[in-house]
Amino acid sequence: MNLLDKIKEAAYGAGEIMKSASGIRPSEAKSGHANFVTKYDALVQDYLEKQLSAALPEATFVAEEEGQEVFKEEDKTGFTFVIDPIDGTSNFMKAWRPSTTSIGVLKDGKPYIGVIYDPYMDRMFCAEKGKGAFLNNVQIHSSEDPLSRSLVCMGTAPYYEEEVSRSAFLLGHWYLLRSIDIRRSGSAAFDICSVAAGNIGLFYEPRLCLWDFAAGACILEEAGGKITDFYGNPLTYTGKSSILAASPGVVAGGDYLPPKELIRL
Ligand code: 2AM
Ligand code: CA
């Protein structure tokens, strides 16, 4: 079995743990507003670390529930797994869908493999650098529609200073006037996959952690889309960033970057 297949198998296993959950309660409050963690986040992460270190023993790990937010020097060379065991924890607690498992592999600090699995709808998104992006083994392509004929997904960034979420909503109105409409799923990893699969033309969130976007970046780029920060700069994959994930149609139309005066990061 190749590395991608082993990672997919681990993601299917993580999905079984998520689907087996009952009586979900937040077990600890993390810092910031609405920043929850449940015992399942830790259970899935432990499971994934075991499976993935067996699949690629030389790799290092950056994982959400370890609390490490930034890249260490050793992660800049060789292979690094960047894991969000459950992306969309608030959704998970409320049985609102989707929630996903997100597993990225960085090679020398750049996206190399992305696997994102939504166990509730059995949607397996994956990509490997240079080999295309797939949803349940069917190749996917990001949309050629312009912004005016696209849906836009937003992230609300509820965990940070009030002005950051206010800015997210102001940008929502700015995009609403230029697109078909706005959507909010609650899982950034899933939203990036939705841009990759052609359902959504653009996704933005003012501040995301590396594990929220590392796997999605690989999937989106392999599907022909573009991922940058809010100013259109390439991502550095070293820690938190604003995220703008756009389809080729939206990029080709121009004027899709948020106006600088509305941005608070
Ligand atoms: P999570 O569910 O894994 O925590 C929702 O706005 C998106 O933002 C989710 O993908 C959520 O991931 C992510 N997110 C970004 N920063 C976060 C933070 N500090 N705390 C919780 N979720 C965060
Ligand atoms: Ca998470």
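Visitor: Before we count, what makes a helix or a strand here, and how many of each does the chain have?

Guide: Helices and strands are DSSP runs, with at least four residues for a helix and at least two for a strand. This is a predicted model, by the way. Counted like that, the chain comes out at 7 helices and 14 strands.

Visitor: Which radius of gyration does the chain have, and why does that agree with a compact globule?

Guide: A compact globule of 265 residues would have a radius of gyration near 18 Å. The chain agrees with that, and its value is 17 Å.

Visitor: What share of the residues is buried?

Guide: Here, buried means under 20% relative accessible area. Of the 265 residues in the chain, the buried ones make up 57%.

Visitor: Okay, on to ligand 1. Where does it lie, and why there?

Guide: Look at who gives residues to the shell around ligand 1. Domain 1 (3-140) does, and so does domain 2 (147-262). So ligand 1 lies between domain 1 and domain 2.

Visitor: Which strands each supply at least two residues of that shell?

Guide: The shell has 17 residues, and Asp84 and Glu205 are among the closest. The strands you want span 79-87 and 202-208. They are β4 and β12.

Visitor: How much of ligand 1 does the protein bury?

Guide: Start with a contact: an N or O atom in the side chain of glutamate 205 is 2.7 Å from an oxygen atom of ligand 1. Taken alone, ligand 1 exposes 470 Å². Of that area, the protein buries 95%.

Conventions: Residues numbered from 1 in each chain as written. Chains lettered and ligands numbered in written order. Predicted model: local features only at pLDDT ≥ 70, side-chain atom pairs only at ≥ 80, totals over all residues. Heavy atoms only, no water. Near = heavy atom within 4 Å. Polar contact = N/O pair within 3.5 Å; in protein donor to acceptor, adjacent residues only side chain to side chain. Areas by Shrake-Rupley, 256 points an atom, 1.4 Å probe, with all protein chains shown as cover. Domains from an automatic or database assignment. Rg over C-alpha atoms; globule rule 2.2 N^0.38 Å. Buried < 20%, exposed > 50% of the residue type's maximum accessible area, 1.4 Å probe, protein only.
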